[in-house]
There are 2 protein chains.
Amino acid sequence: MTGGPAISGVLESAVYVDDLDAAEAFYGTLLGLERITRVDGRHVFFRCGDGVVLAFVAEATRLPPSPGGLPVPTHGATGAGHICFAMSAEDLSRMRERLSDAEIEVEADFNWPNGARSIYVRDPGGNSVEFAEPRLWNTA
Amino acid sequence: MTGGPAISGVLESAVYVDDLDAAEAFYGTLLGLERITRVDGRHVFFRCGDGVVLAFVAEATRLPPSPGGLPVPTHGATGAGHICFAMSAEDLSRMRERLSDAEIEVEADFNWPNGARSIYVRDPGGNSVEFAEPRLWNTA
């Protein structure tokens with residue numbers, strides 16, 4: 001694909017949740033992501049590095065756009081999704097402490113064969129949220 | 001959250017698909033993402049900028065890990081998810097041409113109020129895949 005249209009990275013990653021207040025408490029307050037915008041009953045968006053995390057209420061995003069609105073295609077998933085956040089080893093340790101302080105159950109905490117550490121919790125929507133060292137994907 | 005554990009960005013974004021060959025044709029061949037690894041029947045992973053796109057077969061990722069395997073938590077969603085890829089305006093135009101050449105239906109192609117362009121298609125799993133200029137999220 002040399003010379004093809006270049007994708008520079010993932011700009012938006014989506015999770016589906018039921019409760020936007022709970023999603024804000026988790027992604028905003030607990031994880032420390034900056035809230036960009038919220039539409040009650042539909043979504044709350046957060047800035048994360050060069051990208052954006054979109055927490056949607058699937059019942060709302062499955063509806064077609066309003067007449068006169070932008071023609072944003074419908075979507076909306078059910079069941080546990082997955083997202084992983086990049087953190088340094090030091091910040092992972094600090095996140096583990098924060099999760100403990102907040103009495104969030106840590107579902108798994110282990111090192112991959114290449115040594116990178118991953119910690120897993122559930123967000124309030126039941127999604128599998130991972131925190132990992134980026135070197136997990138250093139396959140070169 | 002000053003001084004809290006710092007998340008540097010999204011490391012992994014997940015979509016759920018039924019057919020890994022079709023997912024590879026779409027994310028690998030058509031979009032030009034580098035394939036990292038594949039486990040038949042379960043997943044295929046792609047590098048994308050500083051992150052990774054994970055295409056999972058939900059029926060497989062809902063199963064608990066094998067005895068003796070790493071304790072990776074289960075997940076697996078049903079229905080249309082959403083992911084958005086960052087591209088420059090020039091690359092977006094070239095992607096639009098590539099999509100046309102591949103006879104991929106473009107579901108929407110418009111400019112947001114701040115001028116940023118988004119193009120939407122469906123991946124073979126029915127997920128809403130967007131290509132957008134990163135300035136879409138320049139809210140400062």
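**Two-fold arrangement and strand pairing in a predicted two-chain model**

Of the interface residues of chain A, 100% are also interface residues in chain B, so the copies meet through the same surface. The model is a predicted one, and the relation between its chains can be stated in terms of a rotation. Two copies of a chain are related by a rotation about an axis and a shift along it. Here, a turn of 180 degrees, combined with a shift of 0.0 Å along the axis, lays chain A on chain B with an RMSD of 0.0 Å. That is the relation of a two-fold axis, and the C-alpha of chain A nearest to this axis belongs to Thr78(A), at 2.6 Å from it.

Strand β6 of chain A, comprising residues 82–86, pairs both within its own chain and across to chain B. Within chain A, β6(A) runs parallel to strand β9 (residues 128–132), to which 5 bridges connect it, and in this pairing Cys84(A) has Glu130(A) as its bridge partner. Towards the other copy, β6(A) is joined by 4 bridges to strand β1 (residues 9–16) of chain B in the antiparallel sense, with Val10(B) as the bridge partner of Phe85(A). All 5 of the 5 residues of β6(A) are buried, so the strand is largely enclosed by the rest of the structure. In a regular strand the side chains alternate between the two faces of the sheet. In β6(A), His82(A), Cys84(A) and Ala86(A) point one way, whereas Ile83(A) and Phe85(A) point the other way, and the residues of both sets are buried.

In chain B, strands β2 (residues 34–39) and β3 (residues 43–48) run antiparallel and are joined by 5 bridges, among which Thr37(B) is partnered by Phe45(B). The hairpin formed by β2(B) and β3(B) has 3 residues between the strands, and Gly41(B) takes a positive phi near 85 degrees there. Strand β3(B) also pairs with strand β4 (residues 51–56) of chain B, again in the antiparallel sense, over 6 bridges, and Cys48(B) has Gly51(B) as its bridge partner in β4(B). In this second hairpin, with 2 residues between the strands, Gly49(B) adopts a positive phi near 60 degrees.

The length of helix α3 of chain A (residues 89–101) was compared with expectation: at 1.5 Å a residue, its 13 residues should span 18 Å, and the end C-alpha atoms are 19 Å apart, which agrees. Just after α3(A), a positive phi of about 60 degrees is taken by Glu103(A).

How values were computed:
Residues numbered from 1 in each chain as written. Chains lettered and ligands numbered in written order. Predicted model: local features only at pLDDT ≥ 70, side-chain atom pairs only at ≥ 80, totals over all residues. Least-squares fit on C-alpha atoms with pLDDT ≥ 70 in both. Contact = placed C-beta atoms within 7 Å. Expected span 1.5 Å × (residues − 1). Pairing = 2+ DSSP bridges. Buried ≥ 20, exposed ≤ 12 C-beta atoms within 10 Å, placed from the backbone.
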